[in-house]
Amino acid sequence: LNCIRVREALPLYVGGDLDPSLESQVAEHLKSCSPCFRVAASFRAALAPLRRLAADRPTPEGLEADVLAAVDAVRRDPVLAVALAPNRGSRRYGFEPAALAALLLLGAGLGFAFLGSHRGAGGSEAGARPIAPTPAATRIADSGRFGASVPLRHVRYETPRDLYRGVPPRTGGAVEASFDLNDEEFAGRVRRSQPDAAAGTQVQGDR
Amino acid sequence: MSIPPLHRMLSRQAPATPEQVEERQVEHDWIRAAQRGDADAFAELVRLYHARAYWVAYGLLGDEEDSRDVVQEAFIRVLGALERFDFGQSFYTWLYRIVVNLAIDRLRRRNKARATALDGIAEPEADGDSPAHGVESAELRREVHAVLATLPDKYRTVMALRELNGVSCKEIARIVHCSHATVRWRLHVARKFFKEAWERRERQREGLGGAS
């Protein structure tokens, strides 16, 4: 190996990511070539801080409890379960299209079943473009636990944690939803944070 | 308490030992139980992986609050999609993929917020570090993440996974959905970028130190 090839190989060599055969050739070269050895040493020195950080990763305090609480909140709350269900077939794990589809169908079905003509227009709109509901949506629809359809077209959760804690999203601009998850009685509030913060929609349901 | 030694299973040449096979079997049992609605089994998966997921997210985001959000959201996504878990792949590969995708989404939102800062939308401040991460390493962590933040997302991703979390190149390829050769190339470029940026930073610091 000449110096040019060795130096090309150094970024992977210093991390132990070269093929074993090439690795031994580079190691041999470095034993006898001080300029290349110095370049290798400078790579190691530059990457050393990363290695130090990799060795110092304490378990984040309280995170496990936070995750379990958020998961539990989602388990207990069918609206969240639908809204946060991953989008099938999406590599980006987006949930909004799936949630909207499910909620439109849910709204349509429940609207017809419980509210008669109150939500009739929304029902026919959803029926014109059938989209398969998620299993979670189907379970909710089958259980009939909600007495009103939920106009969640504009709802966007910034993070489940924001939702769980009921704090407004920090990044702003999105429509927020907050639920008092400590209440046995489910009473969610969906409102638009911008531009008309005053406009609100009450979402009601029972457990 | 520190995270147990990471990725024994991910060592690039090591074949699966009987212990690793058994660990995998136990993990699959938890996943099957969680699929049947066993909350304790899911909690066990959270217990096992939440810290690793956090440090993967932190490697990309360099922000404690954002990383915690991403981990929570990732586990909720896992919960919703657990029925479709493919037992042919590793749970951590799947989880890390979700974490990486969520973190990259968040980075893009951050970049958008930066781009539209003139419209008055405040950009979240990177906290760099907090006492939760240990005072000694706080400064170093802040500096490393400031340099990592200058790398394009795809290079930052491989650096975060390989350098900060010890994930093998093959495993990174599965996580980011690209070939092993591509990952190695990105790692090659990323280490060069990082070295140049880090050395530039060192020179600036020395220049400032000499000037004062």
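Start by selecting helix α7 of chain B, which is mostly covered: 6 of its 8 residues are buried. Keep in mind as you click around that this is a predicted model.

**Stop 1: helix α7 of chain B**

Colour the covered positions of α7(B): they are B:C169, B:E171, B:I172, B:A173, B:I175 and B:V176. One name in that set carries a charge, so let's look at its partner. Show the side chains of B:E171 and B:R174, and you will find a salt bridge between them, 2.6 Å from N to O. Both residues belong to α7(B), which spans residues 169-176, and they sit 3 residues apart, about one turn of the helix. Why does that spacing suit a pair? An α-helix has 3.6 residues a turn, so residues three or four places apart point the same way.

Is each partner buried or exposed? B:E171 has a relative accessibility of 5%, so B:E171 counts as buried. B:R174 comes in at 46%, which makes B:R174 partly exposed.

Before leaving, step just past the end of the helix to B:H177, where phi is positive, at about 60 degrees.

**Stop 2: where α6(B) meets α7(B)**

Now add helix α6 of chain B, residues 153-162, to your selection. This helix packs against α7(B) at an angle of about 130 degrees, and the two axes are 10 Å apart. Angles from 115 to 145 degrees fall in the oblique class, so α6(B) and α7(B) are oblique to each other. Their crossing is right-handed.

Which residues make the contact? From α6(B), pick B:T157, B:V158, B:L161 and B:R162; from α7(B), pick B:C169, B:I172, B:I175 and B:V176. Sorted by type, the residues of this contact come out as 6 nonpolar, 1 polar and 1 charged.

**Stop 3: a salt-bridge network across the chains**

Hold on to B:R162 from that contact, and show its charged company. A:D17, A:R51, B:R162, B:E163 and B:R191 are linked in a network of salt bridges. Side chains of opposite charge can pair when their charged atoms come close. Across all chains, the structure holds 20 salt bridges.

**Stop 4: B:R184, with chain A alongside**

Next, select B:R184, in helix α8 of chain B. With a relative accessibility of 17%, B:R184 counts as buried. What does B:R184 contact, leaving aside neighbours within four places in sequence? Show A:L12, A:D17, A:L18, A:D19 and B:C169. Two of those names should ring a bell: A:D17 is in the network from the last stop, and B:C169 takes part in the contact of α6(B) with α7(B).

**Stop 5: A:L47**

Cross over to chain A and select A:L47, in helix α3, residues 34-54. At 1% relative accessibility, A:L47 counts as buried. Setting aside residues up to four places away in sequence, A:L47 touches A:V14, B:M159, B:E163, B:R191 and B:F194. Both B:E163 and B:R191 are members of the salt-bridge network you saw earlier.

For a distance check, draw a line from A:L47 to A:P11. Their C-alpha atoms are 9.8 Å apart, while in sequence the two residues are 36 apart.

**Stop 6: two more pairs in chain B**

Go back to helix α8 of chain B, residues 180-211, and show B:E199 and B:K195. Their side chains meet in a salt bridge of 3.3 Å, N to O. The two are 4 residues apart in α8(B), so about one helical turn separates them. B:E199 is partly exposed at 23%, whereas B:K195 is buried, with a relative accessible area of 13%.

Now compare B:R106 and B:D66, whose side chains form a salt bridge of 3.2 Å, N to O. B:R106 lies in helix α4 (residues 91-115) of chain B and B:D66 in helix α3 (residues 64-81) of chain B, so the pair ties together parts that are 40 residues apart in sequence. Both B:R106 and B:D66 are buried.

**Last stop: chain A as a whole**

Zoom out and colour chain A by secondary structure. You should count 9 helices and 3 strands, running in the order α-α-α-α-α-α-α-α-α-β-β-β along the sequence. Of the 207 residues in chain A, 42% are buried. Among contacts in this chain between residues at least 6 apart in sequence, 48% join residues at least 24 apart.

Terms used: Residues are numbered from 1 along each chain as its sequence is written. Chains are lettered from A and ligands numbered from 1 in the order in which they are written. This is a predicted model: local features need pLDDT of at least 70, side-chain atom pairs count only at pLDDT 80 or more; totals for chains, interfaces and linings use all residues. Side-chain values use heavy atoms; hydrogens and water are left out. A salt bridge is a side-chain nitrogen of Lys or Arg within 4 Å of a carboxyl oxygen of Asp or Glu. Buried means under 20% relative accessible area, exposed over 50%, partly exposed in between (1.4 Å probe, protein chains only). Axes are lines fitted to C-alpha atoms, for helices over the stretch in contact, and angles run from 0 to 180 degrees between N-to-C directions. Angles under 35 degrees count as roughly parallel, over 145 as roughly antiparallel, 65 to 115 as roughly perpendicular and the rest as oblique. A crossing is left-handed if the near helix is turned anticlockwise from the far one by less than a right angle, and right-handed if clockwise. Contact means heavy atoms within 4.5 Å. Ala, Val, Leu, Ile, Met, Phe, Trp, Tyr, Cys and Pro count as nonpolar, Asp, Glu, Lys and Arg as charged, and the others, Gly among them, as polar.
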